[in-house]
Amino acid sequence: MDVHEDTSIAIDVEDVSKQFRLGTLGEHQRITEAISSKIKALLKGGTSGASQGVKDFWALEHVSFRIRQGEVVGIIGHNGAGKSTLLKILSRIVTPTCGRVGVRGRVGSLLEVGTGFHPELTGRENIFLNGAILGMKRSEIRKRFDQIVQFAEVEQFLDTPVKRYSSGMTVRLGFSVAAHMEPDVLIIDEVLSVGDQAFQNRCMGKATELGTQGRAILVVSHNLAAIANICCRAMLLDHGSIVLDASPKQVIDRYLQGMRADTGRVNWNTASAPSSDRVRLHSVSICNAGRQSSSHQVDIDQPICIRIDYEVLREDTINTVQVQLKDENGVYILSSANAPSMSLTQDDFFSKPLSVGRYRTECELPANFLNDSRYVISLFLGPEIGKPTIRCENVLAFSVLDTGAMRKEYLGSWYGPVIRPRLAWSTVEAPL
Amino acid sequence: MVNQINRQAKDDFESLKYYGQPDPLGLRQLKEAWDSRELLLSFFQRDLLIRYRQVFIGVLWVLVQPILGTLIFLLLFYFMGARKLSQSDATVFWQDASVILLGILMWQLVNNSLRDATGSLVNYRHVITKIYFPRMLLPLSSLLCALFDLAVGGVLLVPLAAWLGHSFHWQTCWAAFAAVLWLSAFCFGAILWLSSLNAQYRDVGYILPFLMQIGMFLSPVVYGFDRVENSLSKFWQIVYCGNPVASCIGLARWGVLGSPLPPVLGLMLAGLITIVLVVSSLIWFQRSNQWMADRI
C-alpha cells in the first residue's frame, strides 16, 4: 500500500450490496411449476406453500474499498463468502442491488479461460473472437498475434478447429489471449490454477509483470501461496463483508486462524443433522489415537483417528462410510472407505444389514504420514461406495503439529510437500 | 514529477467511470454498442463462419433457399388455379416470380433475424455470465446475418430485371432500399424484445415458430397486394398495412415492380407502430440488462 499512495484510484467500490432470492415462490420460471407447487401445497394441507416462502439472501453487504493503480490485491475467503459475486459486480456482469462501482480505464476480466471459444472455429479465428470479447481491438490482436501463439505453444494447430484441441491446449490458448489484453484494471478469478506446473509459473510471472506496469489487479484464489507471492495487499471476505484488509501475510494468517478455531469436533442436533431416510449423522471428531477428547491439533508422530457417530433409523440398513482428505489449498490427498479391500482391519459391519441404533465408525491415519499443515475432511455415507446419500464436504479441519520428532537432524522448513512419511532408507558400502 | 502525480491523485475521482449511469431512454447503450462495433463484426463473422462449416454447398444455400421458396409458391400458384398456364406468357410468369421472390427475400429478413436472435442471448449465456460486453450485440449480429442473406439473395433480382425489361422500375428503386431500412428497424425492435424476454421465459422460443407462420400469412409474402385490395374493405386494408412487414413488402414491390402502393394511412400507421416498437424495446432492453446475468 505504501508504494502506491501517490497513484490514482483505479477501482472505487462504494457500499456495494447484492441480494439474491432463494426459494421459488413468487418467481416461477414456468407456469406449470407454479401450478404443480400449488397442488403440492394443497395436498400437504396448504402449509408447505407458506413455509417455502422467498428467502432473501445477501451475497454481499456494504462492501467498500479502493484500489490504486499498480496494486495487486488478492481476495480470499471460504466458499460462499461472496468472492465470485464481488468479481462479477466489478466486471459489470451483475448489477449490485445498491451501491456503485467505478473504474478507471479499460477493464479486463478473466473469470474463465477461453470465454466464448467456439469449437467449430480454428485456433486463429478463436484468437480474434476471444480477443474481441475480452475487449481488444482487431489491430491490437493482429499486433500481438505472434506473441499470443508463442505463449500458448500452438503454432502447428492454428488452422485446426478448437474442438480437436486437447483440453490443455485450449486452456493455454485461452489464457494466452487474456494475458495479452493489457487492460488498465484486471480482474482474475481462480484461473491461475489451470494447466501444468510450468504453465502456471509462467502465468504467475505474467500477472506480476502486469502489476509492475502500473495496472491494478484483483485476484481471487484458493491458492494461498500464489496470493502471498504476487499480491501486495489482500482482503478477507466472509459472509459477504470484508473482515480484514491488510498485507497478504496478515490476511492469510487470519484466514487460517478461522479454520483453526474449530474444536476438532462437529456435533449436530436432530434437526440440522445431515441425514438420509435411513441414516442420521450425530458427530464427527478428530483426535490422536488412544485419546478420548477431540482436538483440532494432532501430533505428527501419533496416529490420527477420525471418529464418525451416526444413528441408523430403519431396520436392515446397509451403510458404508467414506472419508476424503484435502489439504488447505484444496489438493486432493486421499480417499478411503471401510470396505475390506481398503482397510487394514476387518470392519464387521461393512455391507451388513444394520439394526436401528447408534454406531461409531473410526478411521485411523498412520503416524508420521501427513506433513505439518492443515487438512480438511469430507464425509460420504451411503448404501454403496461412490453413491453417497449423505454428503458432508469440508466438514472438519485439523492441523498436524510438528512435534520435532521428525526433525531432529534437519531444522529447516518442510513447507511444500503434502505428506511426510518415514521411509525405509539404507546405505551400504558397495565397492565396484 | 511528484507534484504531477499528486495533482493526478487530487482529481482521482473525476475520471473514474461509474457503472450503471441513469439511462432512461436506453440511448447510452446504443452509443456503447457503436463503440464496440468491432466486436459486433467479430460476432457477425463468427455467425457466418459457423453457419456453413461442414456444409457441402456452403454459402450457395443463401441463393438456393429463396429460389426454392419461390419455385414452391409459384407452382402452388399455378396448381391452385390462381393463374391459368394457357393464358400466361413469359412476362406474366416472370412478373409473378419476381413478386414472390421479393416477398420471400423480405420475409426471410424478418424470419431469419427473429429466429436466430431470439435464442442468441440464451445460447450465449455461458459468456454473458462470465464477461461483460454490450449484450445488444448478440441479437444485432443475427440481424446482420439476415441482412447479409438479403443482400446476397438480392442478386437474384438482377437476372429478373433483365427478363422484365422496361417493366422493371429503375426510377423508384430507392423505395426498396427505404423499405429494407424500415424493415430492419422493425426487426431491431422485435429482436431486442424477443431475445431479452426469452432470457427469462423460454416460452418465447417455443411460440415464435407459430407466430412466424401466422405472420407469413398476415403479410403479402406469397401473394400480391392486389389480392388484399380485392378482398378487404378500405378500413381493413389500413389495419392490414399497420403490420410493418406488410407495409414494407408493399413499398418494396411498388418501388421495384410497380405494384399498387399500400394506402398512405396504412403506411403511417405501420411507421408509428415501428417507432413505438423500437423506442419501447430500447427502454426494455436497458432494464432487462440489470437482471440478465442473474436470471438467464
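Domain bounds here come from an automatic or database domain assignment. The model on screen is predicted.

**Stop 1: chain A as a whole**

Select chain A and colour domain 1 as 2-13 + 63-259 and domain 2 as 265-401. Their C-alpha centres are 37 Å apart. At the junction, 5 residues of domain 1 are in contact with 5 residues of domain 2. On the domain 1 side of that junction, 3 residues are nonpolar, 2 are polar and none is charged.

With the cartoon shown, chain A has 9 helices and 18 strands. Burial applies to 35% of its 432 residues. Of the chain A contacts between residues at least 6 apart in sequence, 70% join residues at least 24 apart.

**Stop 2: helix α3 of chain A**

Select residues 83-90 of chain A, which make up helix α3. This helix is mostly covered, with 7 of its 8 residues buried. To display the buried set, pick A:K83, A:T85, A:L86, A:L87, A:K88, A:I89 and A:L90. After the helix, go on to A:R92, which has a positive phi near 75°.

**Stop 3: the β8-β9 hairpin of chain A**

Next select residues 233-238 (β8) and 241-246 (β9) of chain A, an antiparallel pair joined over 5 bridges. One partnership to label is A:L237 with A:I242, the latter in β9(A). The two strands form a hairpin with 2 residues between them.

Centre on A:H239, found in the loop between β8 and β9 of chain A. What sign does the phi of A:H239 have? The value is positive, near 45°, and the residue is not a glycine. For context, most residues other than glycine have a negative phi. A:H239 counts as partly exposed because it has 14 C-beta neighbours inside 10 Å.

**Stop 4: A:N368**

Move to the loop between β16 (357-365) and β17 (374-382) of chain A and select A:N368. Here too there is a positive phi, about 50°, in a residue that is not a glycine. Is A:N368 buried or partly exposed? It is partly exposed, because 15 C-beta neighbours lie inside 10 Å, whereas a buried residue needs 20 or more.

**Stop 5: where chain A meets chain B**

Show both chains and select the contact residues: 31 from chain A and 28 from chain B. On the chain A side, β1 (9-22), β4 (98-103) and α4 (123-133) each supply at least two residues. The largest share, 5 residues, comes from α4(A). By type, the chain A side divides into 11 nonpolar, 9 polar and 11 charged residues.

Keep β4(A) selected and add residues 17-18 of chain B, which form strand β1 of that chain. These two strands pair across the chains in the antiparallel sense over 2 bridges. To find the pairing, label A:V103 and B:K17, which stand opposite each other.

**Stop 6: B:V180**

Finish in chain B by selecting helix α10, residues 174-200, and then B:V180 within that helix. Why does B:V180 count as buried? It does so because it has 20 C-beta neighbours inside 10 Å, and the cut-off is 20 or more. Add B:L109 and draw the C-alpha to C-alpha distance to B:V180, which is 8.8 Å. In sequence, B:L109 and B:V180 are 71 residues apart.

Notes
Residues are numbered from 1 along each chain as its sequence is written. Chains are lettered from A and ligands numbered from 1 in the order in which they are written. This is a predicted model: local features need pLDDT of at least 70, side-chain atom pairs count only at pLDDT 80 or more; totals for chains, interfaces and linings use all residues. A residue is buried if 20 or more other C-beta atoms lie within 10 Å of its own, exposed if 12 or fewer, and partly exposed in between; C-beta atoms are placed from the backbone. Helices (H or I, at least four residues) and strands (E, at least two) are DSSP runs, numbered from the N terminus. Two residues are in contact if their C-beta atoms, placed from the backbone, lie within 7 Å. Ala, Val, Leu, Ile, Met, Phe, Trp, Tyr, Cys and Pro count as nonpolar, Asp, Glu, Lys and Arg as charged, and the others, Gly among them, as polar. Two strands pair if DSSP finds at least two bridges between them.
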